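Hi,

Here is the structure I promised to pass on. Have a look at it first, then read on.

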Amino acid sequence: MKVDLSNDFKEKYRNLMGERAEKLFSAIQEDSQDAFRLNPLKANYKNVAYPLDEPIEYSPIGYYGNIDGNSIDHISGYVYSQEPSAMYVTEILDPAKDDKILDLCAAPGSKTTYIASKMASQGLLVSNEINSKRAKVLSSNIERMGITNTVVTNNSPKDFEKKFDNFFDKILVDAPCSGEGMFRKDPESTQYWSLDYVEQCANRQQHILDSTYKLLDNGGTLVYSTCTFSPEENEQNIDWFLKKYPDMHLVEVKKYAGMEDGRPEWGNNNPELKKALRMFPDQFNGEGHFMCKMVKDGEKSEIKERQINTGLKKDDLKFVSKFAKANLNGLSESNWLKISDFLYQAASLDSRFKGLHILRNGLKLGEFKKNRFEPDIAWMLALKPSELKTVFELDQEQYEKYLHGESVILSQRPDFDNKWIGLSFEGKLFSWGRYSNQQIKNVYPKGLRR
Ligand SMILES: C[S@@+](CC[C@H](N)C(=O)[O-])C[C@H]1O[C@@H](n2cnc3c(N)ncnc32)[C@H](O)[C@@H]1O
């Protein structure tokens, strides 16, 4: 599909870039570049059906190529589709295992799931999304990828200001923007673009950055990124931010072939802006992006946690222990949290989260029903085969029927008799199955069936 670039857009970039603008316009008419990531949180995570012969130089888990959303690799959370430029945002954030990280504009979750995979189920990741529909998609992507250390919230950045000042070691602001860098991936998005829209986005980004400053701890790192070319949303906003908060500084990031410096001349001639990074699709094999990394002066604060009541009763422990004894090879009882009838292994028990709209706190283990406990799909997606008493490998026909909502009838008595088993296809766990009487009853969530 041809991308319909408006005259205002072309004139603006001809003025800004001279002859180079024509190269940019032609690149925008070319096909976008697909890529995907592997998920190191899964067992044998390189065991995927997609070719891994075109690795992305700057991402140890990124590969060029297209994935199918109906494949078992996708359904079981072994792969995540993400265009190559966007992958570098997480690499420059450089998440560490014991960090407290906030991803403030996180849906649908491509950067958050990458961050989590680098944290190896440790530390704390807060993935926030202001839009409620998008926050649900974010939450389900986090579930699919088997992520356990994340609190998913649906709030505005301002909502965090009351309780989280100087709390986070690292913050990612992947800001809502005018999306010029995604025009060729989503040609219809050009219809929302105007010179005014760029101004509105720049203004909204300044509000988000104001909140972010308060939430970032001394010595902390802030990565700001957009998928747009406009100077107003990029260099000019960063120049504004650095002047408003003189204890924030840009730091150098490594630039691979095709990545360019930020443009001081687009940001009030602030020479520091060279340290930012730009990707233009006429030079770089990916979509258009801007990103930069900043640090805050000062010594790290001492953060004291105030723990909430976990809501657990003695009987609750009894039911889960009984379930685990029958079906698992062990059980960690740390950070258990009961919310109405649901049991979570919480990513955080800190009372600061009270008052936020939380969609998911860590791993959803399951639900207490009358005198029993039923495990949740989220738990299965986070388990390794070695943690289960029984893993049953389905054949192609059984797998397709199970995904569709049908039960599996076994032709003979199997060599297990426990009730809750892990179901796998091509060696990848994707669902619980409930065994009884030579049948594996279908417990695949209705919303996921296909
Ligand atoms: C570029 S997208 C984020 C993409 C995401 N980081 C990813 O990698 O999948 C920006 C997000 O910011 C959200 N947003 C919109 N207005 C916002 C605001 N005022 N404050 C915070 N986030 C906002 C949008 O709903 C959108 O999901």
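Below is what I found in it, starting with the whole chain and then going part by part.

**The whole chain**

One thing to keep in mind is that this is a predicted model. The chain has 12 helices and 22 strands. Its radius of gyration is 24 Å, close to the 22 Å that the globule rule gives for 450 residues, so the chain is as compact as a globular protein of that length. If you line up a box with the principal axes, the C-alpha atoms fill roughly 75 × 50 × 35 Å. Of the 450 residues, 45% are buried. Take the contacts between residues at least 6 apart in sequence: 72% of them join residues at least 24 apart.

**The annotated cysteine**

Which residue does UniProt mark as "active site"? According to that record, which is an unreviewed entry, the feature sits at Cys227. You'll find Cys227 in the loop between β8 (216–226) and α9 (235–244). Is Cys227 buried or exposed? A residue counts as buried once 20 or more other C-beta atoms lie within 10 Å of its own. Cys227 has 25 of them within that distance, so it is buried. Leaving out residues up to four places away in sequence, Cys227 touches Cys177, Gly179, Gly181, Met182, Glu287, Gly288 and His289.

The helix after that loop, α9, has buried residues of its own: Glu235, Asn237, Ile238, Asp239 and Phe241. They pack against α8 (195–215), β8, β9 (248–251) and β12 (289–296). So β8 turns up twice here, once beside the loop of Cys227 and once as a packing partner of α9.

**A three-strand sheet**

Next, try finding an open sheet with the strand order β2-β1-β3 and antiparallel pairing. Why do β2 (62–64) and β3 (79–81) each have one side without a neighbour in the sheet? Both stand at the edges with a single partner strand, so there is nothing from the sheet on the other side. On average, neighbouring strands in this sheet are turned by 30° against each other, if you ignore direction. β1 covers residues 35–38 and pairs with β3 over three bridges, in the antiparallel sense. If you want a pair to click on, Arg37 has Tyr80 in β3 as its bridge partner.

**Helix α6**

Helix α6 runs over residues 132–144, which makes 13 residues. From its first C-alpha to its last it reaches 19 Å, close to the 18 Å expected at 1.5 Å a residue. The buried residues in α6 are Ala135, Leu138, Ser139, Asn141, Ile142, Glu143 and Arg144. When you look at such a list, it helps to know that an α-helix has 3.6 residues a turn, so residues three or four places apart point the same way. What covers the buried residues of α6? The cover includes two helices, α5 (110–119) and α11 (377–382), as well as the strands β5 (124–128), β6 (150–153) and β15 (358–361). After α6 comes Gly146, with a positive phi near 70°.

**A four-strand sheet with a helix across it**

Further along, four strands make another open sheet, in the order β13-β14-β16-β17, and the pairing is antiparallel. β13 (336–339) and β17 (372–375) are the edge strands, each with a single partner, so one side of each is left without a neighbour in the sheet. The twist from one strand to the next averages 30°.

Let's go through two of the pairs. β13 and β14 run antiparallel and are joined by four bridges, with Ile339 bridging to Phe342 in β14. They form a hairpin with two residues between the strands, and Ser340 there takes a positive phi near 45°. β16 (residues 363–369) also pairs with β17 over four bridges in the antiparallel sense, and the partner of Lys369 in β17 is Arg372.

Which helix lies across this sheet? Helix α10 (residues 314–327) lies across β13, β14 (342–345), β16 and β17, and runs at about 55° to β17.

**One last residue**

Finally, look up Glu400 in helix α12 (residues 396–404). With 13 C-beta neighbours inside 10 Å, Glu400 counts as partly exposed. In sequence, Glu400 and Phe425 are 25 residues apart, while in space they are 9.8 Å apart, C-alpha to C-alpha.

Have fun clicking around!

Note on methods: Residues are numbered from 1 along each chain as its sequence is written. This is a predicted model: local features need pLDDT of at least 70, side-chain atom pairs count only at pLDDT 80 or more; totals for chains, interfaces and linings use all residues. Two strands pair if DSSP finds at least two bridges between them. Axes are lines fitted to C-alpha atoms, for helices over the stretch in contact, and angles run from 0 to 180 degrees between N-to-C directions. UniProt positions are given in the numbering used here, feature names are shortened, and annotations may be inferred rather than shown by experiment. A residue is buried if 20 or more other C-beta atoms lie within 10 Å of its own, exposed if 12 or fewer, and partly exposed in between; C-beta atoms are placed from the backbone. Two residues are in contact if their C-beta atoms, placed from the backbone, lie within 7 Å. The radius of gyration is taken over C-alpha atoms; the globule rule is 2.2 Å times the number of residues to the power 0.38. The expected span of a helix is 1.5 Å times one less than its number of residues.
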